[in-house]
Amino acid sequence: MLQEQEGYAAELERTFIAIKPDGVQRGLISEIISRFERKGFKLVAVKIVIPSKDFAEKHYHDLKERPFFNELCDFLSSGPVLAMVWEGEGAIKYGRKLIGATDPQKSEPGTIRGDLAVVVGRNIIHGSDGPETAKDEINLWFKPEELVNYTHNAEKWLYGDN
Ligand code: GDP
Ligand code: MG
């Protein structure tokens with residue numbers, strides 16, 4: 001999406017980020033939101049929900065052939081999930097960098113999973129892995145009217161004037 005306001009232009013894309021039940025129960029909501037916020041990404045939607053098993057299966061439909069699929073969907077639907085949409089230039093790819101590798105044993109220190117998680121089955125956070133999945137996941141978790149369009153005061157300082 002090309003957004004042009006007050007003389008600057010930035011390619012602002014949106015990604016779906018969710019703090020899974022382990023991250024919520026471990027009290028890591030503010031820590032995780034803070035990392036996305038300090039980077040310069042803009043929160044455009046947020047809610048806390050306990051997804052049904054059926055909903056979890058829809059979210060992870062790409063993984064239905066994997067041996068851990070059932071356990072994974074049971075886990076996602078086992079408690080509150082903080083669902084969010086973050087916006088910014090490169091938000092999909094860089095969001096994945098902030099999150100770190102799927103297996104926290106392989107995530108670099110400095111990443112969310114590297115710093116805050118230990119095993120793959122409890123890796124505390126989900127992030128869309130590409131533009132198509134971002135679009136699908138945002139549509140699955142949010143109604144269009146739940147996404148808030150606004151210009152953040154910091155945008156001209158983050159992206160410059162041209
Ligand atoms: P992600 O995009 O980095 O979250 O990774 P994937 O899309 O490949 O997998 C989705 C989620 O399934 C991961 O975040 C893990 O929680 C879980 N997962 C992936 N691989 C394994 C595995 O080998 N064993 C178990 N128990 N869970 C896994
Ligand atoms: Mg994935």
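**Note on the pockets, the cavity and the ligand**

1. About 680 Å³ of space lies in the largest pocket of this structure, which is a predicted model. The lining of that pocket is made up of 27 residues, and those closest to its centre are Y60, L63, F68, L72 and H126. Elements that contribute two or more residues to this lining are α3 (53-59), α4 (69-76), β6 (125-127) and α7 (131-141), and among the elements α7 gives the most, with four residues.

2. As for the chemical character of that lining, the residues of the largest pocket divide by class into seven nonpolar, nine polar and 11 charged. A reader looking at the structure for the first time may wish to keep this division in mind when turning to the ligand, since ligand 1 sits in the largest pocket.

3. Which residues surround ligand 1? The shell consists of K20, Y60, L63, F68, L72, R96, T102, R113, V120 and N123. Counted by class, this shell has five nonpolar, two polar and three charged residues. Y60, L63, F68 and L72, which are named in the shell around the ligand, are also listed among the residues closest to the centre of the largest pocket.

4. Three side chains of the shell deserve a separate look, for each has an N or O atom whose distance to an oxygen atom of ligand 1 can be stated. For T102 the distance from a side-chain N or O atom to an oxygen atom of the ligand is 2.5 Å, for R96 the corresponding distance is 2.7 Å, and for N123 the value is 2.8 Å. Taken alone, ligand 1 exposes 540 Å², and the protein buries 76% of that area.

5. The second largest pocket has a volume of about 270 Å³. Its lining comprises 14 residues, of which R14, A134, K135, I138 and L147 lie nearest the centre. Two or more residues of this lining come from each of β3 (13-19) and α7, and the largest share, five residues, belongs to α7. The helix α7 therefore deserves attention in both places, as the element that gives the most to the lining of the largest pocket and the largest share to that of the second largest pocket.

6. By class, the lining of the second largest pocket holds nine nonpolar residues, one polar residue and four charged residues. For the largest pocket, the corresponding division is seven nonpolar, nine polar and 11 charged, and the two linings are best read side by side.

7. How many cavities of 30 Å³ or more does the structure hold? There is one, and the volume of the largest cavity is about 40 Å³. L12, G40, K42, E87, G88, E155, L158 and Y159 line this cavity. At least two of these lining residues are supplied by each of β5 (81-88) and α8 (155-159), with α8 giving the most, three residues. The lining of the largest cavity divides into three nonpolar, two polar and three charged residues.

Methods
Residues numbered from 1 in each chain as written. Chains lettered and ligands numbered in written order. Predicted model: local features only at pLDDT ≥ 70, side-chain atom pairs only at ≥ 80, totals over all residues. Heavy atoms only, no water. Near = heavy atom within 4 Å. Polar contact = N/O pair within 3.5 Å; in protein donor to acceptor, adjacent residues only side chain to side chain. Areas by Shrake-Rupley, 256 points an atom, 1.4 Å probe, with all protein chains shown as cover. 1 Å grid on protein atoms, 1.4 Å probe; cavity = no way out; pocket = protein on both sides within 12 Å on 5 of 7 lines; lining within 4 Å. Sits in = over half its atoms within 2 Å of the grid points. Nonpolar A, V, L, I, M, F, W, Y, C, P; charged D, E, K, R; others polar. Points joined across faces, edges and corners; volume = space filled by probe spheres on them.
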